[in-house]
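Reader: I should like to learn how to read a structure of several chains, step by step. Where should one begin?

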Amino acid sequence: MSALIFLLLAALVLAAALTVVVHPSPVYSACALVVTLFLLSVFFVALDAQLVAVLQVIVYAGAIVVLFLFVIMLLNLTQTEPRPTAGAPLVAVAVGGGVAVVALVATVLRRVAPPGTPVLPAGFGDTAALGRRLFTAYLLPFELTSVLLLVAIVGAVGLAKRRP
Amino acid sequence: MTPDVAIAAAKVLFALFLALQVMGLGVFFERKVSALIQDRIGANRAAIFGFAGLGLVNTLVADPIKFLLKEDITPAEADRLLHFLAPCASLVPALATFAVVPFGDVLEVGGRVINLQGAELSVGLLFVLAMASLGVYGVVLGGWASNNRWSLLGGIRGSAQMISYEIAMGLALIGVVLTYNTLDLQEIARAQGRLVWGWLPAWGILYQPLAFIIFLVAGVAESKRIPFDLPESESELVSGYFTEYSGAKHLMFMMSDFVEVVLVAALVTTLFFGGWQVPYLGRDGFHFPGGATLGLPSLAVVVLQVTAFALKVIAFTWLQIVIRWTLPRFRYDQLMRLGWQGLLPLSLANVMISALVVLLVERGA
Amino acid sequence: MPPTAPLTWYLGLSAVLFAIGAIGVLIRRNVIVIFMAIELMLNAVNLTFVALARSLGSMDGQVIVFFVMTVAAAEAAVGLAIIIALFRNGETMNADELVTLRW
C-alpha cells in the first residue's frame, strides 16, 4: 500500500475517531465508530491479516456496534449531556492529552528498531495458519474464552432481565 | 498493471450487471407470478405505442420512472443525514457481496487465464457473512431516523430478526466449509464438478441437505421476505421501517429487497447446486460418463457456464417469489422461536454430524 | 508481497488512536460514549498487534487480536446490560451523577 493511500486512510480513520469522541449525539458516535472499524479492517487487509480483517467486520462492526445502537435506540439515550465538560477542565484535558500523545508517539518511535524486510511464510494471515496456531499453542486460552463468553451471556441476560 | 485493473473492473461490472438484470426480472416475475397465483392478470396497462409486453413495460419502465419522479419527502423532525444514508447502507452491502460470487470457471483469452469471479478472496464465505452483518445498519438507521413510532418498531424488529438468523446462516455455512475444506466460493464451485459413482455430479445438496434447508430459510428471513416480513408488515406497521420514505429512497429500499433475493439465490446455487457447473462439462468440452466426449472451444464453455448459472439463479428467485405469495406471515415470537430454538440447534447438530462424517471418511480412506 | 507503509507509521497511527480514545473516556460524561471510546482504545491495540505480527513474521499477534475481539464482545454485552439495568432503576446516564458507590 503506497504511502499516499496510507496517509489518506489514516486521515479518515482519525477524523472518524474524533467524531466518535466529540459528536454530541450518541447515534452519530456509533455510526462514526462503524466507519472507524471498517477502515481499520482495510488496514488489516494491507497487513496480510485477511481473516482478522473479515472477523473485525463481522464481530466488531456487525455485532458489537449494532448492540450499542440497539441500546441507544431502545432506551432513547439520545439526549446530550446537560453539562458538557467546558472551560478550564476541557482545556486541561486537551492539553494534557496532546502532550500525552506526543510523548507516546515519540517513545514508541524511538524504542522500536526499524525491522528488516520480513520473510513471511506462505499462507501468512490465512485461515489455516491462524487455526493452526489457535488450536495448538493457544488451545487453553481458546477453551477459557468459550467459558468467558458463556459467563458473559448468562450475566447479560441476568442483569437486563425485567424483575417481576 | 493496467490490463489487470481493466480485467478486474470488467469482471466486477459483469457480476453487477448480471445481478441487476436478474433483479429486474425478479421484480417482473413478482408481479406476474403473484397475479397467476392469485388468479388475476396483474399490471398490464402501461404501454408504449400500444405495446404492453405482458406487463414488462409497466414493471420495468413505468414503475422506475414513477419512483424517480415522485417527491422526496423527509419528515420534519427526522435526522436528515441518517434518513438519507439508510437506504444506501441497505443497498451497498447487498450489492458488494456479488463481488465474490463466481459466475464461470476460467476464460482463456489472449494467453491469459481469467478467473471468472469479481474478487478472489481466500475468505470469500466470511466476506458474505460480513456484508450480511453490515446490512443490519440500513434497517436500524432507517427505522430510527424517520422519527416515527411505527418505523422505529419496524426497524428494531427487523434488525433483531436479522441478527438472529445470521447465526443460523453462519453455522449452516460451517457444514459446507467442512465438506469442501475451503472458504473460497470459486473453489467450492469447482469442487462440485467431480462425479460420484461415475455418473452423479457431486453437488453440495448431496453432501449437505440439512445445511441447504437451513441456509434457504435463514436467507429468506435475512432478507425479510414473507413469511418473515414482520418488520415491514403492511397490515400492522404501515410500512415498517420504510414508512417515511418516498421516491428514489423508497426505490432503493425495494431494490435492496430484490437484490437480497437474487443474492440468496446466487449463494444457494453456488454452495449447493454446483454454481456455474453444467453436468459433465469440463474446461475443454463435455465428458459423458459412458466415455463419449464433445470438444468445445473455451468461449462456448464459458457461455454455457454463465447461462447455466443465470438459469439456476432465476429458478431460485422464482422459488422465493412463489414462497412469498403462498405462505402467511409468522408472528414475531414464532419467528424468534424458529430462529433460536429451531434453526440454531439444527445447524449445530449439522456441524457436529458433518465433522464426524469427515473425520470417519478421512480415517477410513 | 505488496509493499506496505513502514512499521513506525502504523505504530504512530495506533498511538494517536489510543490517545483519542483515552481523551474520550476522560472528557465525555455519557456512559455509552465512554464505552465507545474504550472500544476505540481496544482497536488501536489490535492495530498494533497486527502490524507487529507482520513485521516479526509470527501469527501470534493475529491470534491475540482474535482473543481481544472476543473479550471485547463479552465486555460490551455485560456493560450494556449494566446500562440497561441502570436505566430501568431510573438512574441517569451521566457518569458524573452515578455516585452511589463513592465513599
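Author: We begin with burial: a residue counts as buried if 20 or more other C-beta atoms lie within 10 Å of its own, as exposed if 12 or fewer do, and as partly exposed in between, with C-beta atoms placed from the backbone. Helices (H or I, at least four residues) and strands (E, at least two) are DSSP runs, numbered from the N terminus. This is a predicted model, in which local features need pLDDT of at least 70 and side-chain atom pairs count only at pLDDT 80 or more, while totals for chains, interfaces and linings use all residues. Residues are numbered from 1 along each chain as its sequence is written, and chains are lettered from A and ligands numbered from 1 in the order in which they are written.

Reader: How many residues of helix 5 of chain B are buried?

Author: Helix 5 of chain B covers residues 136–145, and 10 of its 10 residues are buried. Among them are B:Tyr137, B:Leu141 and B:Trp144.

Reader: Against which helices do the buried residues of helix 5 of chain B pack?

Author: Packing is read here from contacts: two residues are in contact if their C-beta atoms, placed from the backbone, lie within 7 Å. Within chain B, the partners are helix 3 (80–96), helix 4 (124–134), helix 6 (149–180) and helix 10 (248–272). The buried residues of helix 5 also pack against helix 2 and helix 3 of chain A. Just after helix 5 of chain B, B:Asn147 has a positive phi of about 55°.

Reader: How does one read a single buried residue, and where is B:Trp276 placed?

Author: B:Trp276 lies in the loop between helix 10 and strand 5 (281–282) of chain B. With 28 other C-beta atoms within 10 Å, B:Trp276 is buried. Leaving out residues up to four places away in sequence, B:Trp276 touches several residues, including B:Pro102, B:Phe103, B:Ala189 and B:Phe309. Another of these is B:Gln305; its C-alpha atom is separated by 4.9 Å from that of B:Trp276, although the two residues are 29 apart along the chain.

Reader: What does the radius of gyration tell us about chain B?

Author: The radius of gyration is taken over C-alpha atoms, and the globule rule is 2.2 Å times the number of residues to the power 0.38. Chain B has 12 helices and 7 strands. Its radius of gyration is 22 Å and the rule gives 21 Å for 365 residues, so chain B is as compact as a globular protein of that length. Along the principal axes, its C-alpha atoms fill a box of roughly 70 × 55 × 50 Å. Buried residues make up 46% of chain B. Of its contacts between residues at least 6 apart in sequence, 77% join residues at least 24 apart.

Reader: What is the radius of gyration of chain C?

Author: The value for chain C is 17 Å, whereas a compact globule of 103 residues would have one near 13 Å. The C-alpha trace spans about 55 × 25 × 25 Å along its principal axes. Chain C has 3 helices and 0 strands, and 51% of its residues count as buried.

Reader: How are two packed helices described?

Author: One gives the angle between their axes and the distance between the axes. Axes are lines fitted to C-alpha atoms, for helices over the stretch in contact, and angles run from 0 to 180 degrees between N-to-C directions. In chain C, the axes of helix 2 (residues 31–56) and helix 3 (residues 60–88) come within 9 Å and cross at roughly 175°. Angles under 35 degrees count as roughly parallel, over 145 as roughly antiparallel, 65 to 115 as roughly perpendicular and the rest as oblique. Helix 2 and helix 3 of chain C are therefore roughly antiparallel to each other. Residues of helix 2 in this contact include C:Phe35, C:Leu42 and C:Phe49, and those of helix 3 include C:Ile64, C:Val68 and C:Ile83.

Reader: Which chains share the most contacts?

Author: Of the 2 pairs of chains in contact, chains A and C share the most. In this pair, 62 residues of chain C are in contact with 69 residues of chain A. Helix 3 of chain C gives the most to its side, with 22 residues. Chain B and chain C do not touch, and their nearest C-alpha atoms are 13 Å apart.
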